[in-house]
Amino acid sequence: MYCNIEKEEMRVKRIEKVDKNCRRNKMFPVYEQKKENVHILQKTSRHAPPHLHNSVEFIYVISGSMEIGMGQELFHMDEGDFAVIFPDVIHHYQVFEKGKNKSIYVWALPVITSNYMDTLQNLCPVDPVIKKADLHPDIKYVLQALLQQKNISKEKKEEIQNTSENVLEERSVEQAYIQILLARSLGKMKLMDKKSVESNDIVYQAVSYIAKHFREDLSLEKISKELGVNKFTLSRVFSGIFHKNFKQYINEHRLNYASAMLECSNEDITSIYLDAGFESQRTFNRVFKDRFRMTPREYRKRFRE
């Protein structure tokens, strides 16, 4: 009994700490448009602001721990734990433990999930985390296989890309791996309607809409019309709750997207800033340097080093 009380107190403290960090860092959702069928990274775990993307995401903790926030809940992950985040669900990460906190991240487009596509689009887990003791061994095997496939030498990759049969074979293998991850994990989870983690609140609606459309040509008038609210009411949401004007808020989303693309893709900088929704490179460079204190080119170089 006392053990359960202590665990609940620790959970509440973690949630309070996350909420405090979110308010201090003004962390709000950003929509990430994944382009590759499967993308995998093994990297140091770190804070990530609330965001959503069009892919199903798998996370496996190699060392240390992390917190996954989904809806109003916070879920703790230790070494060996595995999580599944469904597409278009707002979530965030927090890392409080000192030392080495590393995880494997896999993103896969729903189009390659075959029979699981409807489930991924309409439902989501009540608890996205599967604890180490309940994890099927196939999951670790698939993650290792995907990492090995990613680490093929550059020469070999070029050779594969030049052969259409090898490309099709590689995609078929990736698709099979992703379906194994889903088959071995969804059976361990209780699923609920995705709409149950959403809200009719004007703040949530504004955040969700902008998160999905920030790369388009947006205006306060357009968004207020889409949401069916007065534009002056919406303007007060930004100034009173987000403590910034509409343009600053949009640019923050675009910068989050652009910085992620600089980290995880080989797209040229021009393509990235246009894809993020910036009208010109001058504007992009200015707001990027204001936030990161370096140019986009320097940012990409430092991240890769």
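Visitor: What is the order of the open sheet of five strands?
Guide: This is a predicted model. Its open sheet has five strands, and their pairing is antiparallel. The order is E2-E9-E4-E7-E11.

Visitor: Which are the edge strands of that sheet?
Guide: An edge strand here pairs on one side only. That holds for the strands at residues 38-44 and 129-130. They are E2 and E11.

Visitor: How many bridges join E4 to E9?
Guide: E9 covers residues 102-108 and runs antiparallel to E4. One pairing sets Ser63 against Lys102 in E9. The bridges between E4 and E9 number seven.

Visitor: Which residue in E7 does Tyr60 stand opposite?
Guide: E4 is also joined to E7, residues 82-85. Four bridges link these two strands, which run antiparallel. Opposite Tyr60 in E7 stands Phe82.

Visitor: Which residue in E11 does Phe82 stand opposite?
Guide: E7 pairs with E11 in the antiparallel sense. Two bridges hold that pairing. Phe82 faces, in E11, Ile130.

Visitor: How many residues of E4 are buried?
Guide: E4 spans residues 56-63, eight in total. Buried means under 20% relative accessible area. The strand is mostly covered, and its buried residues number seven.

Visitor: At what angle does H3 run to E2?
Guide: H3 is the helix at residues 137-150. It lies across E2, E4, E7 and E9. Its angle to E2 is about 95 degrees.

Visitor: Is H9 oblique or roughly antiparallel to H12?
Guide: H9 covers residues 246-264 and H12 covers 296-304. They pack at about 50 degrees, with axes 9 Å apart. That angle makes H9, relative to H12, oblique.

Visitor: How many residues of the contact of H9 with H12 are charged?
Guide: H9 brings Ser259, Met261, Leu262 and Glu263. H12 brings Pro296, Tyr299, Arg300, Phe303 and Arg304. Five of the contact residues are nonpolar and one is polar; the charged ones number three.

Visitor: Is H9 roughly parallel or roughly antiparallel to H10?
Guide: H10 is the helix at residues 269-276. H9 and H10 pack at about 150 degrees, their axes 9 Å apart. Angles over 145 degrees count in one class. So H9 is, to H10, roughly antiparallel.

Visitor: How many residues of the contact of H9 with H10 are nonpolar?
Guide: From H9 come Arg254, Tyr257, Ala258, Met261 and Leu262. From H10 come Ile269, Ile272, Asp275 and Ala276. Two of the residues are charged and none is polar; the nonpolar ones number seven.

Definitions and conventions:
Residues numbered from 1 in each chain as written. Predicted model: local features only at pLDDT ≥ 70, side-chain atom pairs only at ≥ 80, totals over all residues. Heavy atoms only, no water. Axes fitted to C-alpha atoms, helices over the stretch in contact; angles between N-to-C directions. Parallel < 35°, antiparallel > 145°, perpendicular 65-115°, else oblique. Contact = heavy atoms within 4.5 Å. Nonpolar A, V, L, I, M, F, W, Y, C, P; charged D, E, K, R; others polar. Buried < 20%, exposed > 50% of the residue type's maximum accessible area, 1.4 Å probe, protein only. Pairing = 2+ DSSP bridges.
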